[in-house]
Amino acid sequence: MNEKTFDTIDSRADELAALTADLIRFPTINPPGEAYTPCAEYIGERLRKRGFTVEYVRGVGTPGDNDRYPRTNVIARFDGRTPGKTVHFNSHIDVVEAGEGWTLDPFGGVIKDGRVYGRGACDMKGGLAASIIAAEAYIDMNPDFAGAIEISGSVDEESGGFGGVAYLAEKGYFSPPRVHHVIIPEPLNKDRICLGHRGVWWAEIETKGQIAHGSMPFLGDSAVRHMGAVLGAFEDELFPALDRKQTRMPVVPEGARRSTMNINSIHGGQTDDYFPGLPSPNVPDSCKIVIDRRFLLEESLEEVKTEVTSILDRLKWERPRFDYRMRDLMIVHPGMTEEDAPVPRAIASGIRRVFGRDPQYVISPGTYDQKHIARIGKLHDCVAYGPGILDLAHRPDEWVGIDDMVESAKVMAYGLDILLHGEPRA
Ligand SMILES: [Zn+2]
């Protein structure tokens, strides 16, 4: 790839910062899914003026979609002079709510001291802006390129991606022959390549009891006490067992390089506002918890579930009248693109070229839209790579460094060139 592309990206640093700030000024808070359409149109309009073909795809009927909060996605495509492979940059445009503790306007798009501040600066409007500048600079400096470049801004990543990448993948936007390679500019740090994520099993477990007057609990059966036995067994057996399960997946932070489980919530008994200000007088006949179990490539979903059900089934024998019900709330299988696939190889070459060192390969502790591209799109040549410091995501005074965006835009342009040509050029 010619030096001129890098020079062009350098010369557009101010434009890159301004673009990021503009994107931050759309308060695309999810939930409920605010300002999706104007944000998508802003991206689409910019790219249309530069010769991209632009489509808006609404995730009709997906969770949260309605006329007040339409799930508007934008997909822009630039076809090169001759046919070839398509490289797609996918970014989510939604952000989480600002929350407390800001010293700056979270949606003001403040540029200060070499940084752009605001909700979504790092996760991931900075990455989206970097991919736009990388693609534009590449097209300007390599007008004869073969293949196609796509840029999408999709919605709802923060709430599971159902109206965004999942919907687009169902419609064929993330499958060959349309698309061959995908880069997701999530904020994983500018010299790291994220190859995938751990698996997720969310489930609700309910213990059953029998209602009775609270003054005579011996006439009923407390579902909360049964749940206490479940949690006790989890503490004694399950959590220590999970701690021992290490993985070959290079998950960051290192504490997540093993199996984990969160108890997300617990609810038992009837209302705490039975009479105004007074609780239910009854023995609880139901208690529910939600668990969030993160699992590894080395584990099967079946074995993960059996660890839990074997404890529950044993309690049936140990505890008189113990009964339970369990239902799945969400399942995502773990996924990992191998380091020698084309996209990680191309991005790794870019990192070596720009930073003069090897990349660090990482796995995300939580999932992101790559899961839909792999499972629904059946496209496995995909990684997350982008500027921004992962730890700043979702925090107050979130920011992204302008130099970091410029450098990672260069890595993206360099990787793009390799993917379109098959080989690094001198
Ligand atoms: Zn994100």
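**Exercise 1. The annotated segment**

Task: State which residues the UniProt annotation "domain: Peptidase M20 dimerisation" covers, and give the helix and strand content over residues 196-314.

Solution. Step 1: According to the unreviewed UniProt entry, the annotation "domain: Peptidase M20 dimerisation" covers residues 196-314. The structure examined here is a predicted model.
Step 2: In that model, residues 196-314 are 29% helix and 26% strand.
Step 3: The C-alpha atoms at the two ends of this stretch are 35 Å apart.

**Exercise 2. Overall dimensions**

Task: Find how many helices and strands the protein chain has, and compare its radius of gyration with that of a compact globule.

Solution. Step 1: The chain contains 10 helices and 16 strands.
Step 2: For 426 residues, a compact globule would have a radius of gyration near 22 Å.
Step 3: The protein chain has 24 Å, so the value agrees with that of a compact globule.
Step 4: Along the principal axes, the C-alpha atoms fill a box of roughly 80 × 45 × 40 Å.

**Exercise 3. Two domains and their contact**

Task: Give the bounds of the domains into which the chain is divided, then describe the side of domain 1 that touches domain 2.

Solution. Step 1: Domain 1 takes in 3-197 + 334-421, and domain 2 takes in 200-329.
Step 2: A distance of 38 Å separates the C-alpha centres of domain 1 and domain 2.
Step 3: Seven residues from domain 1 and 10 residues from domain 2 make up the contact.
Step 4: On the domain 1 side, strand β14 (residues 360-364) gives the most, with three residues.
Step 5: Sorted by class, the side of domain 1 that touches domain 2 holds six nonpolar residues, one polar residue and no charged residues.

**Exercise 4. The four-stranded sheet**

Task: Write down the strand order of the open sheet of four strands and explain why one side of each edge strand has no neighbour.

Solution. Step 1: The order is β10-β11-β9-β12, with antiparallel pairing.
Step 2: β10 (260-268) and β12 (324-332) are at the edges and have a single partner strand each, so one side of each is left without a neighbour in the sheet.
Step 3: From one strand to the next, the twist averages 15°.
Step 4: Strand β9 (residues 199-208) and strand β11 (residues 286-295) run antiparallel and are joined by 10 bridges. Opposite Glu-206 stands Lys-288 in β11.

**Exercise 5. Parallel partners of β3**

Task: For the pairing of strand β3 with strand β6, give the sense and how many bridges there are; do likewise for β3 with strand β7.

Solution. Step 1: Strand β3 (residues 82-92) pairs with strand β6 (residues 146-154) in the parallel sense, over eight bridges. The bridge partner of Thr-82 in β6 is Ala-146.
Step 2: The pairing of β3 with strand β7 (residues 181-184) is parallel and has three bridges. Here His-88 has Val-182 in β7 as its bridge partner.

**Exercise 6. The three-stranded sheet and its helices**

Task: Identify the edge strands of the open sheet β4-β5-β16, and state which strands α2 touches and which helix α10 touches.

Solution. Step 1: The three strands have the order β4-β5-β16 and pair antiparallel.
Step 2: β4 and β16 (399-401) are the edge strands, each pairing on one side only.
Step 3: Direction ignored, neighbouring strands of this sheet are turned by 20° against each other on average.
Step 4: β5 and β16 are joined by three bridges; Arg-115 has Gly-401 in β16 as its bridge partner.
Step 5: α2 packs on the sheet and touches β4, β5 and β16, with its direction at about 10° to that of β5.
Step 6: Helix α10 (residues 402-421) also packs on the sheet, touching β5 and β16, and its direction makes about 60° with that of β16.

**Exercise 7. Backbone exceptions**

Task: Locate Pro-32, Pro-177 and Asp-113, and describe the backbone geometry at each.

Solution. Step 1: Most residues other than glycine have a negative phi, and most peptide bonds are trans.
Step 2: The bond from Pro-31 to Pro-32 is cis, with omega near 10°. Pro-32 is in the loop between α2 (13-24) and α3 (36-49).
Step 3: Pro-176 and Pro-177 are also joined by a cis peptide bond, with omega about 5°. Pro-177 lies in the loop between α5 (162-170) and β7.
Step 4: Asp-113, a residue other than glycine, has a positive phi near 50°. Its place is the loop between β4 (110-112) and β5 (115-117).

Conventions:
Residues are numbered from 1 along each chain as its sequence is written. This is a predicted model: local features need pLDDT of at least 70, side-chain atom pairs count only at pLDDT 80 or more; totals for chains, interfaces and linings use all residues. Two strands pair if DSSP finds at least two bridges between them. Axes are lines fitted to C-alpha atoms, for helices over the stretch in contact, and angles run from 0 to 180 degrees between N-to-C directions. UniProt positions are given in the numbering used here, feature names are shortened, and annotations may be inferred rather than shown by experiment. Domain bounds come from an automatic or database domain assignment. Two residues are in contact if their C-beta atoms, placed from the backbone, lie within 7 Å. Ala, Val, Leu, Ile, Met, Phe, Trp, Tyr, Cys and Pro count as nonpolar, Asp, Glu, Lys and Arg as charged, and the others, Gly among them, as polar. The radius of gyration is taken over C-alpha atoms; the globule rule is 2.2 Å times the number of residues to the power 0.38.
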